[in-house]
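Biologist: Before we discuss details, please place the sequence and the model side by side.

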Amino acid sequence: MRPVSENETPPSRYPRRRLAVLTCMDCRIDANSALGLEVGDAHILRNAGGIVTEDALRSLALSKRALRTEEIWVVQHTHCGLLGLDDDEFLGSIEAETGERPEWTPGGFATLEQSVAEGLFRLASEPALRGSAIQGFILDIDTDRLASVESAG
């Protein structure tokens with residue numbers, strides 16, 4: 001993070017654009033640059049795949065209700081490691097190696113469009129997020145272009 005000079009005011013904890021973004025943790029993605037954002041514009045949440053998990057819902061509810069965001073974007077991307085991942089096979093490999101099967105789900109998906117649409121549906125179904133403007137996108141990591149995805153419901 002860039003240090004704040006003595007003549008500057010540090011960014012507010014309330015995002016200027018009243019936006020929260022859920023995206024993938026992929027190291028190839030510079031979320032602010034790819035989405036045209038500056039530090040202080042939005043809350044950026046990252047996890048494997050940009051999947052709407054229970055923890056993502058918790059963070060987004062706090063973002064909305066305690067930190068004044070009004071809009072949520074789900075941004076997944078091309079060449080994602082979860083695209084085509086078989087959850088059972090992945091968990092089975094961990095169990096074979098460690099003797100224990102994790103209780104969490106990796107979140108592998110067959111298509112980006114379906115995964116984003118399912119995430120949008122889950123967000124729209126969450127009572128704590130009612131009234132939020134919700135949008136979904138697929139980021140082409142080769143070109144930094146965003147394509148809009150329609151909700152599943």
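**Fold, core and pocket**

Modeller: Of the 153 residues in the protein chain, 39% count as buried. Please bear in mind that this is a predicted model.

Biologist: Which pattern does the protein chain follow, read along the sequence?

Modeller: The protein chain contains four helices and five strands. Taken in sequence order, these elements give the pattern β-α-β-α-β-α-α-β-β.

Biologist: What percentage of the contacts with a separation of 6 or more comes from residues 24 or more positions apart?

Modeller: One example of residues distant in sequence is the pair Val74 and Ala20, which are 54 residues apart in the chain, with their C-alpha atoms 8.8 Å apart in space. Among contacts with a separation of 6 or more, the share from residues 24 or more positions apart is 66%.

Biologist: Which residues touch the most other members of the largest nonpolar core?

Modeller: In soluble globular proteins, nonpolar side chains tend to be buried together. Here the largest nonpolar core has 36 residues. Elements that each supply at least two of them include strand 1 (19-24), helix 2 (54-67) and strand 4 (133-140). The members touching the most others are Val21, Leu60, Trp73, Val75, Leu123 and Leu129.

Biologist: Is Val74 buried or exposed?

Modeller: Val74 lies in strand 3. Leaving aside residues up to four places away in sequence, Val74 touches Leu22, Gly50, Val52, Val116, Leu120, Leu123, Gln135, Gly136 and Phe137. The cut-off for a buried residue is under 20% relative accessible area. Because its relative accessibility is 1%, Val74 counts as buried.

Biologist: Which element gives the largest share of the lining of the largest pocket?

Modeller: The lining of the largest pocket includes Val74, Gln76, Ser115, Glu118, Gly119 and Arg122. Two elements give two or more residues to this lining, namely strand 3 (71-77) and helix 4 (112-125). The largest share, four residues, comes from helix 4.

Biologist: How many residues of each class, nonpolar, polar and charged, does the lining of the largest pocket have?

Modeller: Gly50, Gly107 and Gly108 are among the lining residues, and glycine is counted as polar in this classification. By class, the lining of the largest pocket has four nonpolar, six polar and two charged residues.

Biologist: What is the volume of the largest pocket?

Modeller: Rolling a probe the size of a water molecule over the atoms shows where empty space is left. For the largest pocket, the volume comes to about 150 Å³.

Conventions. Residues numbered from 1 in each chain as written. Predicted model: local features only at pLDDT ≥ 70, side-chain atom pairs only at ≥ 80, totals over all residues. Heavy atoms only, no water. 1 Å grid on protein atoms, 1.4 Å probe; cavity = no way out; pocket = protein on both sides within 12 Å on 5 of 7 lines; lining within 4 Å. Points joined across faces, edges and corners; volume = space filled by probe spheres on them. Buried < 20%, exposed > 50% of the residue type's maximum accessible area, 1.4 Å probe, protein only. Contact = heavy atoms within 4.5 Å. Core = buried A, V, L, I, M, F, W, Y, C linked by side-chain atoms within 4.5 Å.
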